[in-house]
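Dear colleague,

I am passing on a structure that you have not worked with before, and below it you will find an account of what was found in it. Please keep the view open while you read.

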Amino acid sequence: MTHPADPPLRTIHLQIEGRVQGVGYRWATVEAATRLGLRGWVRNRRDGSVEALAQGPASAVQALIDWAHRGPPQAVVAVVQVQDIDMPKGDLPASGFEQRATA
């Protein structure tokens with residue numbers, strides 16, 4: 001009996017700019033990424049932006065990118081920069097999606 005291969009993983013770095021701090025953006029990102037089965041993290045940046053690192057099946061990662069352009073209801077997203085990256089798995093949590101301290 002054969003098993004279908006796991007879908008290839010995609011890892012991205014997101015930088016989100018606009019009114020994205022103080023509006024629940026990080027919390028909502030954790031909720032969206034968890035719902036999509038992604039692992040990674042999200043944090044505020046001192047420059048007022050939000051950044052995230054996410055990994056999972058390509059279709060789920062794309063769904064998070066699409067969501068990031070909208071964000072939670074109070075957010076006003078101006079720019080979403082997406083960078084595909086190849087990185088060691090040690091930079092991601094073993095499982096789940098978490099909020100990290102401001103950087």
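**What was found**

Gln-81 is found in strand 4, and as this is a predicted model, that placement, like everything that follows, describes the model. With a relative accessible area of 43%, Gln-81 is partly exposed. Once its neighbours within four places in sequence are left aside, Gln-81 is in contact with His-13, Leu-14, Gln-15 and Glu-17. If you would like a distance for orientation, the C-alpha atoms of Gln-81 and Ala-60 are separated by 17 Å, the two residues being 21 residues apart along the chain.

Val-80 is also found in strand 4, but Val-80 counts as buried, because its relative accessibility is 16% and the cut-off for buried is under 20%. Not counting residues up to four places away in sequence, Val-80 touches Leu-14, Gln-15, Ile-16, Ala-68 and His-69. The C-alpha atoms of Val-80 and Asp-66, which are 14 residues apart along the chain, are separated by 9.6 Å.

Turning to the helices, the axes of helix 1, which covers residues 25–35, and helix 2, which covers residues 58–68, come within 10 Å and cross at roughly 155°. Since angles over 145 degrees count as roughly antiparallel, helix 1 and helix 2 are therefore roughly antiparallel to each other. The crossing in which helix 1 passes helix 2 is right-handed. On the side of helix 1 the contact is made by Tyr-25, Ala-28, Thr-29, Ala-32 and Ala-33, and on the side of helix 2 by Leu-64, Trp-67 and Ala-68. Sorted by character, the residues of this contact between helix 1 and helix 2 comprise seven nonpolar, one polar and no charged.

Which residues form an aromatic pair, and is that pair stacked, tilted or edge-to-face? The count comes to one aromatic pair, and Tyr-25 and Trp-67 form this pair, which is tilted, with 5.4 Å centre to centre and 55° between the planes. The pair links distant parts of the chain, given that Tyr-25 in helix 1 and Trp-67 in helix 2 are 42 residues apart. Both Tyr-25 and Trp-67 are buried.

The buried residues of helix 1 are Tyr-25, Ala-28, Thr-29, Val-30, Ala-32 and Ala-33. What covers these buried residues of helix 1 includes helix 2 together with strand 1 (9–19), strand 2 (39–44), strand 3 (50–57), strand 4 (76–84) and strand 5 (97–99). Just after helix 1, you will come to Gly-37, which takes a positive phi of about 80°.

From there, please look at Val-42, which lies in strand 2. Val-42 is buried, with a relative accessible area of 0%. Apart from its neighbours within four places in sequence, Val-42 is in contact with Arg-26, Thr-29, Val-30, Val-50, Glu-51, Ala-52, Phe-97, Glu-98, Gln-99 and Arg-100. Among these contacts, Thr-29 and Val-30 also belong to the buried residues of helix 1. The C-alpha atoms of Val-42 and Arg-26 are separated by 6.1 Å, although the two are 16 residues apart along the chain.

The last residue to visit is Ser-95, whose place is in the loop between strand 4 and strand 5. Is Ser-95 buried or exposed? With a relative accessible area of 58%, Ser-95 is exposed. Ser-95 and Leu-38 are 57 residues apart in sequence, and from C-alpha to C-alpha they are 8.3 Å apart in space.

With kind regards

Note on methods:
Residues are numbered from 1 along each chain as its sequence is written. This is a predicted model: local features need pLDDT of at least 70, side-chain atom pairs count only at pLDDT 80 or more; totals for chains, interfaces and linings use all residues. Side-chain values use heavy atoms; hydrogens and water are left out. Axes are lines fitted to C-alpha atoms, for helices over the stretch in contact, and angles run from 0 to 180 degrees between N-to-C directions. Helices (H or I, at least four residues) and strands (E, at least two) are DSSP runs, numbered from the N terminus. Angles under 35 degrees count as roughly parallel, over 145 as roughly antiparallel, 65 to 115 as roughly perpendicular and the rest as oblique. A crossing is left-handed if the near helix is turned anticlockwise from the far one by less than a right angle, and right-handed if clockwise. Contact means heavy atoms within 4.5 Å. Ala, Val, Leu, Ile, Met, Phe, Trp, Tyr, Cys and Pro count as nonpolar, Asp, Glu, Lys and Arg as charged, and the others, Gly among them, as polar. Rings of Phe, Tyr and Trp (its six-membered ring) pair if their centres lie within 6.5 Å; planes under 30 degrees apart count as stacked, over 60 as edge-to-face and the rest as tilted. Buried means under 20% relative accessible area, exposed over 50%, partly exposed in between (1.4 Å probe, protein chains only).
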